[in-house]
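Trainee: I would like to go through this structure by asking about its residues one at a time. Please explain how each answer is reached.

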Amino acid sequence: MQISGRDNTRYQAFTRRAALLGAIQGAAFVVLAGRMYYLQVLKSDQYTMLAEENRVSMRLLAPLRGNVVDRYGRILASNRQNFRAMMISEQTADIEATLDRLSRIIEISDFARRRILRDVQRSPRFMPVTVAEGLTWDQFAKVNINEPDLAGIVPDVGETRDYPYGEELAHIMGYVAAVSEKDMAEAETDRQLMRLPGFRIGKEGIEKTYDKELRGTAGSSHVEVNAYGRVIRELAKDPGKPGQEVVLTLDMDIQRFAWDRLKGESAGAVVMDIHSGDVLAFVSAPAYDPNQFNMGLSNEQWRALVDNEYKPLVNKALAGMYPPGSTFKMVVAAAAIEAGINPAQRVVCPGHYSLGSHDFHCWKKGGHGAMNMHQAIKYSCDVFFYDVARRIGINAIAEMARKFGLGETYGFEVPGEKAGLVPTPDWKRATRGEPWHQGETVIAGIGQGYLLTTPLQLAVMTARLANGGYAVKPRLTRAIGGQLLPTPRPASLGLGEAALKVACDGMNAVSNEPGGTAFRSRIPEPGMELAGKTGTAQVRRISRAERLTGVLKNEQLPWRQRDHALFVCYAPVHAPRYALSVIVEHGGSGSAAAAPVARDIMREVLSRNVDRPQAVVPPRGSTGAREG
């Protein structure tokens with residue numbers, strides 16, 4: 001067939017277009033093939049790894065918290081099973097209705113309900129949220145039985161902190177609690193770990209001081225997840241490293257005895273080794289149950305603690321500040337000897353001491369008569385120490401007080417330590433803008449006025465008197481993670497022998513000579529005698545009118561206006577080893593309220609073999625971790 005010119009032109013155009021299209025298709029095929037080769041061959045390893053990472057997810061595991069034990073290895077804080085109920089919100093169509101049904105089985109307060117709803121909103125829908133924990137076995141069993149009717153509720157067994165001695169050690173152990181936003185902001189490490197649901201950190205006491213050591217190192221779990229991030233199966237698990245064990249210097253038997261002896265009082269007591277500084281007992285009563293803090297307090301429980309007039313939340317042994325009263329007279333006596341005053345020199349006590357137009361009264365209304373320093377300590381004569389204090393001045397007294405550890409902190413392992421107050425003219429001028437008055441020196445001579453001390457400081461003061469004048473400091477930790485901590489060698493206070501001897505002889509007379517203010521609270525067993533000093537710290541001002549009509553007795557006053565009762569001692573008197581301080585808030589007379597308690601505690605200390613084999617130091621080997 002003959003092709004016309006016009007058709008030929010069309011044919012040639014078609015042929016060119018077909019060729020062009022074929023070329024384009026060929027080029028596209030080459031580019032596509034090249035890209036496939038690039039992705040599937042050259043980049044194969046990279047994309048295989050990315051795909052694997054998308055399929056496998058790494059989850060942190062909270063390590064087991066380390067134990068805390070006493071010097072003989074008795075558990076003071078450990079971990080126990082925590083029966084709890086969790087909620088996975090994606091598995092329930094109506095969260096409110098599910099919580100309503102669950103509240104018919106276990107109590108869910110309005111506060112807890114608001115917290116649960118808040119946590120659900122903040123978490124991915126597949127992430128479990130804690131609904132309730134610390135369930136009893138019966139409650140946990142009921143949740144399990146009713147699980148088919150509780151869509152989204154998952155019974156679970158985790159770990160929680162356990163304090164077997166509860167209140168007896170609350171002010172030492174402290175407690176752990178949930179991580180706050182402030183904790184997160186201040187954290188330098190472990191932020192991811194701290195974000196785990198249910199993870200807790202130390203908030204008070206030893207738990208706070210050694211939180212990092214007790215916390216351990218997080219483990220990890222490699223799990224296979226689907227496209228929505230939901231766990232399908234666990235592929236590998238590293239349990240992490242449990243926290244270290246902390247060994248304290250406490251003797252739990254002595255601690256329990258002292259606690260029982262002070263139960264029902266608002267009080268503090270400290271027992272320590274005068275050479276090493278090891279604290280054997282450290283009591284602040286009343287206290288709180290740290291297990292309740294661990295699981296969360298109700299409003300009623302919190303109000304009960306805050307409103308208690310005995311202040312169970314205050315660590316009285318460490319942060320309770322009290323006038324030392326007559327227990328301070330040994331410090332004044334030592335300062336007087338160092339200032340060159342003859343201890344045999346007598347001062348006549350007629351029952352009061354006059355300075356200008358003011359009379360300062362002795363506790364004994366009729367007076368003690370002529371007293372030397374030994375007798376003044378034995379009978380606790382106020383007038384003798386009024387006179388001595390005025391003669392040597394407040395600066396000499398303050399200098400000696402600081403040598404004995406008053407007015408300072410020791411870096412004790414439990415947070416919240418108070419320094420007390422040793423006043424001077426400079427201090428008063430700087431803080432109050434007022435000059436010092438000589439009358440203030442006079443009353444400082446009997447441990448009153450601005451002077452403030454803690455039970456821990458009074459134990460240290462007594463220890464330094466009894467150990468020959470060495471600056472021993474208290475310590476509560478014996479070992480961490482199997483490593484014994486060194487016992488510091490205390491430096492000498494640089495005191496003359498005469499200053500220490502007159503103070504210690506006076507304390508011996510207080511307890512072991514007839515007429516001494518604590519003679520009725522002596523320990524008669526040979527070899528166990530103690531040397532002590534009573535103190536009765538006045539907390540109210542006695543008016544002239546009341547003195548004329550007769551000073552009211554403590555029993556006639558409201559509890560808060562009664563005197564504080566104090567007693568410090570060391571024993572055995574001829575080979576000192578232990579020092580003890582006891583303060584009973586508003587307990588009245590030191591000889592009647594504090595001395596008998598101190599005697600019983602010291603007898604218990606001396607009757608025990610504190611040097612018997614102590615805690616196994618190597619850390620408890622264990623592995624494992626708990627889900628956060």
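The questions and answers below deal with a predicted model.

Trainee: How many aromatic pairs does a search of the whole structure find, and what kind of pair do Tyr-353 and Tyr-386 form?

Mentor: The search finds 14 aromatic pairs. In the pair of Tyr-353 and Tyr-386, the ring centres are 6.1 Å apart and the planes make an angle of 40°. Planes under 30 degrees apart would count as stacked and those over 60 as edge-to-face. This pair therefore falls in the remaining class, which is tilted.

Trainee: Which parts of the chain does the pair of Tyr-353 and Tyr-386 tie together?

Mentor: Tyr-386 belongs to helix α17, residues 382-392. Tyr-353 belongs to strand β14, residues 352-355. The two parts are 33 residues apart in sequence, so the pair ties together β14 and α17.

Trainee: Are Tyr-353 and Tyr-386 buried or exposed?

Mentor: Buried means under 20% relative accessible area. Both Tyr-353 and Tyr-386 are in this class, so the word for each is buried.

Trainee: Which residue stands opposite Tyr-353 in β15?

Mentor: Strand β15 covers residues 358-361 and pairs with β14 in the antiparallel sense over 4 bridges. The two strands form a hairpin with 2 residues between them, and Gly-356 in the turn has a positive phi of about 65°. Across from Tyr-353 in β15 is Phe-360.

Trainee: Why is strand β19 described as largely enclosed by the rest of the structure?

Mentor: Strand β19 runs over residues 531-537 and pairs with strand β20, residues 564-571, in the antiparallel sense over 7 bridges. Within that pairing, Gly-535 stands opposite Leu-566 in β20. The description of β19 rests on burial, because the number of its 7 residues that are buried is 6.

Trainee: Which proline follows Ala-571 through a cis peptide bond, and where is that proline found?

Mentor: The bond that joins Ala-571 to Pro-572 is cis, with omega about -10°. Pro-572 is found in the loop between β20 and β21 (578-584). A cis bond is also present from Ala-285 to Pro-286, with omega near -10°. Pro-286 has its place in the loop between β12 (279-285) and α12 (290-295), whereas the proline asked about is Pro-572.

Trainee: Is Ser-380 buried or exposed?

Mentor: Ser-380 is in the loop between α16 (373-379) and α17. Its phi is positive, about 55°, although Ser-380 is not a glycine. The relative accessibility of Ser-380 is 4%, and the limit for burial is under 20%, so Ser-380 is buried.

Trainee: What class of accessibility does Asp-190 have?

Mentor: Asp-190 lies in the loop between α7 (181-186) and α8 (191-194). Asp-190 has a positive phi of about 60° although it is not a glycine. Its relative accessibility is 33%, which lies between the limits of 20% and 50%, so Asp-190 is partly exposed.

Trainee: How far apart in the helix are Asp-211 and Arg-215?

Mentor: The side chains of Asp-211 and Arg-215 meet in a salt bridge of 2.3 Å, N to O. Asp-211 is buried at 7% relative accessibility, and Arg-215 is buried at 7%. Both are in helix α10, residues 211-215, and being 4 residues apart they are separated by about one helical turn.

Trainee: Is Asp-307 buried or exposed?

Mentor: Asp-307 forms a salt bridge with Arg-303 at 2.9 Å, N to O. Arg-303 has a relative accessibility of 43% and counts as partly exposed. For Asp-307 the value is 54%, and the limit for this class is over 50%, so Asp-307 is exposed.

Trainee: Which residues are joined into one network by salt bridges that share partners?

Mentor: The structure holds 37 salt bridges. One of them links Asp-387 and Arg-391 at 3.0 Å, N to O, and these two lie 4 residues apart in helix α17. Salt bridges with shared partners build one network, whose members are Arg-65, Arg-161, Asp-190, Glu-207, Asp-211 and Arg-215.

Terms used
Residues numbered from 1 in each chain as written. Predicted model: local features only at pLDDT ≥ 70, side-chain atom pairs only at ≥ 80, totals over all residues. Heavy atoms only, no water. Phe/Tyr/Trp six-rings, centres within 6.5 Å; stacked < 30°, edge-to-face > 60°. Buried < 20%, exposed > 50% of the residue type's maximum accessible area, 1.4 Å probe, protein only. Pairing = 2+ DSSP bridges. Salt bridge = Lys/Arg side-chain N within 4 Å of Asp/Glu carboxyl O.
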